[in-house]
Amino acid sequence: MLFKGGGLPHESLALQEKLFGAGPDYNFMTRIERFKNSLVRVQHFIRCCARYNLHDHADKKWFEGVAFPNEVSVLGPHSGMFIPTLKEQGSEEQIQKWVPQAEKHQIMGTYIQTELGHGTFVRGLETTATYDPKTEEFILNSPTLTSIKWWPGGLGRTCNFGIVMALLYIDGKNYGMHPFVVQLRSLKTHEPLPGLTMGDIGPKFGFDTVDNGYLQFNHFGIPRENMLMKYCQVLKNGTYTKQTRNPKFSYGAMIFVRSMVVYEVAGQGLAKACTIAIRYSAIRRQSELKKSRPEPQILDYQTQQYKLFPLLALAYAVWFTGVRMKEIYFMVNNEIKQGHTERLPELHAISSGLKAFTTSMASWGIERCRLACGGHGYSAASGLPKIYVNATGGCTYEGENTVMLLQCARFLMNIYGGVKNGRRPSGSVNYLGERISSRCTLTSEFTLKSLADAFKHRAARMIKEASERLNRLQASGNDPEDSWNLNSVVLTKAAEAHCHYYMVLVFESVVESVEDNCVKDILRQLCQLLALCGIQENSGDFIQDGFLNNDQLELVKQKQLSLLSEIRPNAVLLVDAFEFHDVQLGSILGRFDGNVYENLFKWAKKTPLNKPEDLIHRLLR
Ligand SMILES: CCCCCCCC/C=C\CCCCCCCC(=O)SCCNC(=O)CCNC(=O)[C@H](O)C(C)(C)COP(=O)(O)OP(=O)(O)OC[C@H]1O[C@@H](n2cnc3c(N)ncnc32)[C@H](O)[C@@H]1OP(=O)(O)O
Ligand SMILES: Cc1cc2nc3c(=O)[nH]c(=O)nc-3n(C[C@H](O)[C@H](O)[C@H](O)COP(=O)(O)OP(=O)(O)OC[C@H]3O[C@@H](n4cnc5c(N)ncnc54)[C@H](O)[C@@H]3O)c2cc1C
């Protein structure tokens, strides 16, 4: 219950649906079969939403977790980007017109921004929307090869609507990127409308169940009313008006998804991988610890614990951080709706930073879980390849991770510069206004406060040094842009240190809030392990300015190792506490009943290569 809140009833409902609980095995399907199977599930999911009256976003999410285990369906871009953008950027009239249809799935939409030539650099996008006051239409056009829209999920075959990000031109003047609602396919025949060339971009690393697509506009007209007009308007005569608000509001959909990805992608993905690897390590027996004694569970090897328990601690940390990130998003978004935009830069920075930091850590962690399962980890039966290929997409989509860290660093540099000029920082960066002690207070007790303070020191120092280095580069004659580039490795490391501190702090606050002493003690051990591993893996950062000395580093190592033994008796319970159903894990190694070998054998017998097949038979005969 530490995790799920109200989720369980909806999961149980979903599991009762035959199609979701015991559908065909994903691993034995071709890409097209995977895609079709996902569409069948989407349609069934929509029927279930109506049957069970599922309207609330959170309720649907629990249901989706069972209906689409470890994959993104075409509902992801529809409910995660299309509908939120309509709601956030549309006028009241526009919301009334499109949101109810979208929520009832009468229209299916996606978010169409990235182009063949540009994804990261949004200001470099080339698709144009030119206003024609005579017809009161915007004419959408793809003027170059590189301007063809490329990647949007659901665009290839599924969606009949999309929000297209395009450069607004009125009377020859460029007003920058704006969102437009565009009908793409006929609601009767589902054929692309004349003037649009579109299709699927082909097989990918993962995301088999999503038809990421391309779209080329050939002077395609849409009504004036289809520009989302909450913040900017184009009047019939072509007059452009805008509220005196932050132009980055049109980037709102990206902030939303980045804020959600921390929990939905990084937190869930890593927690599932840990569940599989730790359960399997308690089943698998290999080699000898002591002569003529039974082979031990591999989880009893210290090296196995050293691989997996830090990842378990990380999974808890990312999960809690993801929950906190969602809370912050909704809080700041509410403030913005009431006209208070002061915290938008901080929200942008923390969501960019945490999205990058946690998806990178989770991606690396899931792969380590796979390696920790030996040969069977390499089999699709482990479920780990599918979890990995889908979760690692989070390092790229919604802002490539390095670029997101640099956005976070930009905010940190602004704040640090402000502090030097006497401004007081607040929120997630308030520590930059504190006096930071130069000596580490860590003792063998390893209180959570002293551990968090160590990360605070590291982050503050690295931010300070990145800022000073930037100033030195400029002082020695480089222009600001070159200085930024010459400092960018240092800047990304400072941003990572900031996010790492934030994650440790969130974990510490969760531990402090737990009332049950037994649970609190166990969570404290995990939090300590997370922090100690962070210190050891980045020990250079902590030693560099003499903050941590060699004796303390030795204590860190000793405590880390003793924690492994302390966590061992609770390890399986700690993954069971995530409460993933077998259907959600999709893994034979991670089965709750532990019946791994018998099911591996059954599964292998079902593989299509074992079926009689003429051509193979002829070739081999
Ligand atoms: C109902 C369900 C919900 C569930 C949720 C789902 C969970 C997910 C699960 C599974 C589904 C997932 C499926 C996959 C979906 C994938 C979708 C996509 O990928 S859509 C494409 C994304 N594309 C990018 O992200 C481009 C990245 N690039 C950018 O965002 C910009 O180009 C950026 C930020 C790199 C630079 O933008 P500049 O060039 O306009 O701005 P500059 O010049 O750098 O900065 C100017 C100022 O603006 C601020 N700024 C930039 N962006 C901001 C923002 N968004 N908000 C506020 N300020 C911002 C900066 O901090 C800077 O501030 P100062 O001047 O220093 O004060
Ligand atoms: C699975 C998946 C789903 C997607 N879904 C959608 C969708 O629904 N809608 C949509 O519009 N798009 C979507 N995208 C596109 C996605 O948002 C972009 O691919 C992403 O934003 C990265 O941009 P890019 O491809 O241009 O990468 P690039 O910018 O070309 O990145 C390549 C390399 O260049 C580096 N780099 C680029 N700029 C800088 C810089 N300023 N400083 C330092 N290094 C830099 C990066 O760090 C990276 O190492 C999706 C992508 C994927 C993989």
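Helices (H or I, at least four residues) and strands (E, at least two) are taken here as DSSP runs, numbered from the N terminus. On that count the chain has 22 helices and 11 strands.

A quick word on provenance: this is a predicted model, where local features need pLDDT of at least 70 and side-chain atom pairs count only at pLDDT 80 or more, while totals for chains, interfaces and linings use all residues. Residues are numbered from 1 along each chain as its sequence is written, and chains are lettered from A and ligands numbered from 1 in the order in which they are written.

**Overall shape**

With 621 residues, a compact globule would come out near 25 Å in radius of gyration (taken over C-alpha atoms; the globule rule is 2.2 Å times the number of residues to the power 0.38). The chain has 26 Å, which agrees. Its C-alpha trace spans about 90 × 75 × 50 Å along the principal axes. An automatic or database domain assignment supplies the domain bounds: domain 1 is 8-71, domain 2 is 88-96 + 107-238, and domain 3 is 252-430 + 448-575. The centres of domain 1 and domain 3, taken over C-alpha atoms, are 31 Å apart.

**The two ligand shells**

A residue counts as near a molecule if its C-beta atom, placed from the backbone, lies within 6 Å of it. For the classes, Ala, Val, Leu, Ile, Met, Phe, Trp, Tyr, Cys and Pro are nonpolar, Asp, Glu, Lys and Arg are charged, and the others, Gly among them, are polar.

| Shell | Residues | Nonpolar | Polar | Charged |
|---|---|---|---|---|
| Ligand 1 | 35 residues | 17 residues | 13 residues | 5 residues |
| Ligand 2 | 23 residues | 9 residues | 12 residues | 2 residues |

Around ligand 1, the closest residues are Gly80, Val122, Tyr251, His348 and Gly399. Helices H5 (75-89), H7 (252-283), H9 (344-372) and H12 (401-420) are the elements that each give two or more residues to that shell. H7 contributes the largest share, 7 residues. Domain 2 and domain 3 each provide at least three residues of the shell around ligand 1.

Ligand 2 has Gln113, Thr114, Gly119, Thr120 and Thr402 as its nearest residues. Strand E1 (109-112) and H12 each supply at least two residues there. Domain 2 and domain 3 both give residues to this shell, so ligand 2 lies between them.

**Helix packing**

Axes are lines fitted to C-alpha atoms, for helices over the stretch in contact, with angles from 0 to 180 degrees between N-to-C directions. H7 and H8 (residues 302-337) have axes that come within 8 Å and cross at roughly 155 degrees. The pair is therefore roughly antiparallel (over 145 degrees). Their crossing is left-handed (the near helix is turned anticlockwise from the far one by less than a right angle). Residues in the contact of H7 with H8 split into 20 nonpolar, 6 polar and 1 charged.

H9 and H11 (residues 384-391) come within 10 Å, axis to axis, and cross at roughly 165 degrees. That makes H9 roughly antiparallel to H11, and the crossing of H9 and H11 is left-handed.

Key:
Angles under 35 degrees count as roughly parallel, over 145 as roughly antiparallel, 65 to 115 as roughly perpendicular and the rest as oblique.
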